[in-house]
Amino acid sequence: TIERAVRSALAQKAEGLEVLVADNCSQDGTWEALQPFANQGVRLHRNAANIGLFGNFNRCLELSASPYLRLLAGDDALAPDCLRREIVLMERNVDLAMLSTRGRFVSPQGAAMGEFANDLSPGIFDGSDFPRTWFSYYARTRRNPLNYPSGVLFRRAAIGEQRFEEGWRTAGDIDFYFKALRRGNLGITRSLGCEVTRHAAQSHIAPNLDGTAMREQLQLLE
């Protein structure tokens with residue numbers, strides 16, 4: 001899936017686009033598959049050791065200084081021309097720290113398997129008050145109303161020196177969202193931002209089955 005992810009990024013029409021791949025010391029041929037993309041302007045970096053999901057997100061933050069950031073997982077793909085449209089919304093609303101889009105689940109073969117992150121009404125939400133909305137929604141549905149990082153655009157100025165807490169197994173992205181929203185508001189759009197591949201090795205599946213996800217959300221609430 002890594003080639004599909006990188007191609008979806010390279011196809012974006014956003015001005016000043018920079019595509020960076022941080023390979024988390026893969027041992028499955030991913031690094032070798034990435035090499036041809038260097039000739040297309042993709043910056044390739046390989047970690048000396050596996051530093052975990054959220055550690056690798058932090059590595060991406062360290063390596064990039066772009067004014068807007070998207071953290072695309074290697075088994076996901078960006079929707080066509082989504083970044084340009086999202087940046088327009090961010091430019092029009094300078095108080096937004098992040099913008100969450102609609103997502104679509106797909107099979108490893110690319111077949112549509114339903115949409116998500118489309119329950120909340122489109123618009124602008126007060127960043128400091130949004131955690132209350134998030135926990136109310138999660139308590140009723142046990143679902144995250146926002147997209148995965150693959151479908152969220154961040155304003156770099158709202159992140160600053162903030163980093164992902166690497167001790168979380170599954171709540172690291174929500175914790176990061178809440179910290180960003182201390183410095184700006186949340187935008188929600190129904191435009192498709194990404195496709196997320198459903199497969200048995202997804203990092204969030206085991207924590208949802210063994211109770212880890214619920215324990216971490218309670219810890220985050222506390």
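## Report on a predicted model

The mean pLDDT of this predicted protein model is 93, and 95% of its residues reach 70 or more. Confidence varies between elements: strand 8 (residues 152-155) has the highest mean pLDDT, 98, while helix 8 (residues 205-209) has the lowest, 66.

### Nonpolar cores

The largest nonpolar core has 30 residues, and M98, W134, L146, F154 and Y177 make the most contacts inside it. At least two residues of this core come from each of helix 3, helix 5 (130-141), strand 8, helix 7, strand 9 (185-197) and helix 9. With five residues, helix 5 gives the most to this core.

Apart from neighbours within four places in sequence, M98 is in contact with M90, L146, V152, L153, F154, Y177, L181, N185, L186 and G187. A second, separate core has 20 residues, among them V21, Y68, M90 and L153. M98 of the largest core is thus a residue whose contacts include M90 and L153, both of which are in the second core.

Helix 3 (residues 53-63) has F54, G55, N56, F57, N58, C60 and L61 as its buried residues. These buried residues pack against two strands and two helices: strand 1 (20-23), strand 3 (68-69), helix 6 (156-159) and helix 7 (172-180).

### Salt bridges

A search of the whole structure finds 13 salt bridges. Among them are the pairs in this table.

| Salt bridge | N to O distance |
|---|---|
| R4 and E195 | 2.7 Å |
| E18 and R43 | 2.8 Å |
| R70 and E86 | 2.6 Å |

R4 lies in helix 1 (residues 2-10) and E195 in strand 9, so their salt bridge ties together parts that are 191 residues apart in sequence. R4 is partly exposed, with a relative accessible area of 26%. This pair also belongs to a wider arrangement, since salt bridges with shared partners join R4, R102, R104, E115 and E195 into one network.

The salt bridge between E18 and R43 links distant parts of the chain, with E18 in the loop between helix 1 and strand 1 and R43 in strand 2 (residues 43-46), 25 residues apart. E18 is partly exposed at a relative accessible area of 34%, and R43 is partly exposed at 34% relative accessibility.

In the salt bridge of R70 and E86, R70 sits in the loop between strand 3 and strand 4 (76-78) and E86 in helix 4 (residues 82-92), 16 residues apart. Are these two residues buried or exposed? R70 counts as buried because its relative accessibility is 16%, under the 20% limit for burial. E86 is buried as well, with a relative accessible area of 3%.

### Individual residues

F116 is part of strand 6 (residues 112-116) and counts as buried at 10% relative accessibility. Beyond its neighbours within four places in sequence, F116 is in contact with R102, G103, R104, F105, N147, Y148 and V196. Two of these contacts, R102 and R104, are members of the salt-bridge network that holds R4 and E195. The C-alpha atom of F116 is separated by 31 Å from that of L44, a residue 72 places away along the chain.

T30 lies in helix 2 (residues 30-34) and counts as buried, with 17% relative accessibility. With neighbours within four places in sequence left aside, T30 is in contact with I2 and D23.

Where do C25 and R142 lie, each having a positive phi without being a glycine? C25, with a phi of about 55°, is in the loop between strand 1 and helix 2. R142, also with a phi of about 55°, is in the loop between helix 5 and strand 8. C25 counts as buried at 18% relative accessibility, whereas R142 counts as partly exposed at 38%.

### Surface

M214, L218 and L221 make a nonpolar surface patch of about 260 Å². L218 is found in helix 9 (residues 212-221), an element that also supplies at least two residues of the largest core. The relative accessible area of L218 is 46%, so this residue is partly exposed.

How values were computed: Residues numbered from 1 in each chain as written. Predicted model: local features only at pLDDT ≥ 70, side-chain atom pairs only at ≥ 80, totals over all residues. Heavy atoms only, no water. Helix = DSSP H or I, 4+ residues; strand = E, 2+ residues; numbered from the N terminus. Buried < 20%, exposed > 50% of the residue type's maximum accessible area, 1.4 Å probe, protein only. Contact = heavy atoms within 4.5 Å. Patch = residues over 30% accessible without salt bridge, like charges linked within 9 Å, V, L, I, M, F, W, Y side chains within 5 Å. Areas by Shrake-Rupley, 256 points an atom, 1.4 Å probe, with all protein chains shown as cover. Salt bridge = Lys/Arg side-chain N within 4 Å of Asp/Glu carboxyl O. pLDDT = per-residue confidence, 0-100. Core = buried A, V, L, I, M, F, W, Y, C linked by side-chain atoms within 4.5 Å.
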